[in-house]
Amino acid sequence: DEAGVEDRRDTIARRPARHAPILWHLTWGTIRARWYEGYLKAVAIVLRENARVNTRLYRDPQAQELLRTLILRFRDRCIAADITPFFLILPQPADMERDQSGKTYYEDFFSAMKEHVDLLDMTDQIAAWQEDKDVFVHGPLGPHINPTGNMLIAKHLLNHLTVSRHDVATA
């Protein structure tokens, strides 16, 4: 658990507090002939765990350096192939939670990456939209951007790309 990531040999015996509720919801839902309800509750546990692990990874300097290296290597390979790389950050609802400083767990990382790659972090925009309308559809595999959210993102993305291309052309 050196880098703050769970052991790959994660088993029921090693982490019963995590696995038992998942199995309980799946089993109880099946017994009561409400398997889908149990499934959704089990998925919610997995999504919360994913958010917790992501938070830890973005706080880990080694994990950050690995992600930074991968992004820069991807950028360099794109440029070598005459392709313009672009990164669009689309958060899940759990990703938009803020710490005491008012930042997301990944905000500092991607702010620093903007110096090296063309990147648009949609977190603040999606959070603002969420105040007025729901831009997520909550399905069996967790929340995903719905058609309204996709339209808002497309408009924001078009504006970003138009402005950044104009900046490049006038530089």
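Where is threonine 104 found? Select threonine 104 in this predicted model, and the viewer will take you to the loop between S1 and H4. With a relative accessibility of 5%, threonine 104 falls under the 20% cut-off and therefore counts as buried. Show its side chain next: one of the polar atoms there lies 3.1 Å from the backbone nitrogen of glutamate 107. If you then display what surrounds threonine 104, setting aside its neighbours within four places in sequence, you will find it in contact with Asp95, Met96, Glu97, Arg98 and Thr123.

Move now to helix H3, selecting residues 61-80. At 1.5 Å a residue, the 20 residues of this helix should span 28 Å, and the end C-alpha atoms are 28 Å apart, so the expected and the modelled span agree. Before colouring the helix, look at its start, where a side-chain oxygen of aspartate 60 comes to within 2.7 Å of the backbone nitrogen of glutamine 62. Just after the other end of H3, aspartate 82 adopts a positive phi of about 60°.

Which residues of H3 are buried? Colour Ala63, Ile71, Leu72 and Cys78, which are the buried residues of this helix. When the view is turned to look down the axis of H3, these buried residues fall within an arc of 165°, and so they line one face of the helix. The face turned away from that buried side carries the exposed residues Pro61, Gln62, Leu66, Arg77 and Ala80. To see what covers the buried residues of H3, add helix H2 (35-59), strand S1 (87-89) and helix H4 (107-113), which are included in that cover.

The next stop is the largest nonpolar core, which has 12 residues in all: select Tyr58, Ile71, Leu72, Phe87, Ile89, Tyr105, Tyr106, Phe109, Phe110, Met113, Val117 and Leu119. At least two residues of this core come from each of H3, S1 and H4, and H4 gives the most, with three residues. In soluble globular proteins, nonpolar side chains tend to be buried together.

Within this selection, centre on phenylalanine 110, which, leaving aside its neighbours within four places in sequence, is in contact with Tyr58, Ile71, Ile89 and Leu119. Apart from the largest core lies another core, of nine residues, and the tour can end there with a selection of some of its members, among them Leu120, Met122, Trp129 and Ile145.

Methods
Residues numbered from 1 in each chain as written. Predicted model: local features only at pLDDT ≥ 70, side-chain atom pairs only at ≥ 80, totals over all residues. Heavy atoms only, no water. Helix = DSSP H or I, 4+ residues; strand = E, 2+ residues; numbered from the N terminus. Expected span 1.5 Å × (residues − 1). Buried < 20%, exposed > 50% of the residue type's maximum accessible area, 1.4 Å probe, protein only. Arc of directions from axis to C-beta. Contact = heavy atoms within 4.5 Å. Polar contact = N/O pair within 3.5 Å; in protein donor to acceptor, adjacent residues only side chain to side chain. Core = buried A, V, L, I, M, F, W, Y, C linked by side-chain atoms within 4.5 Å.
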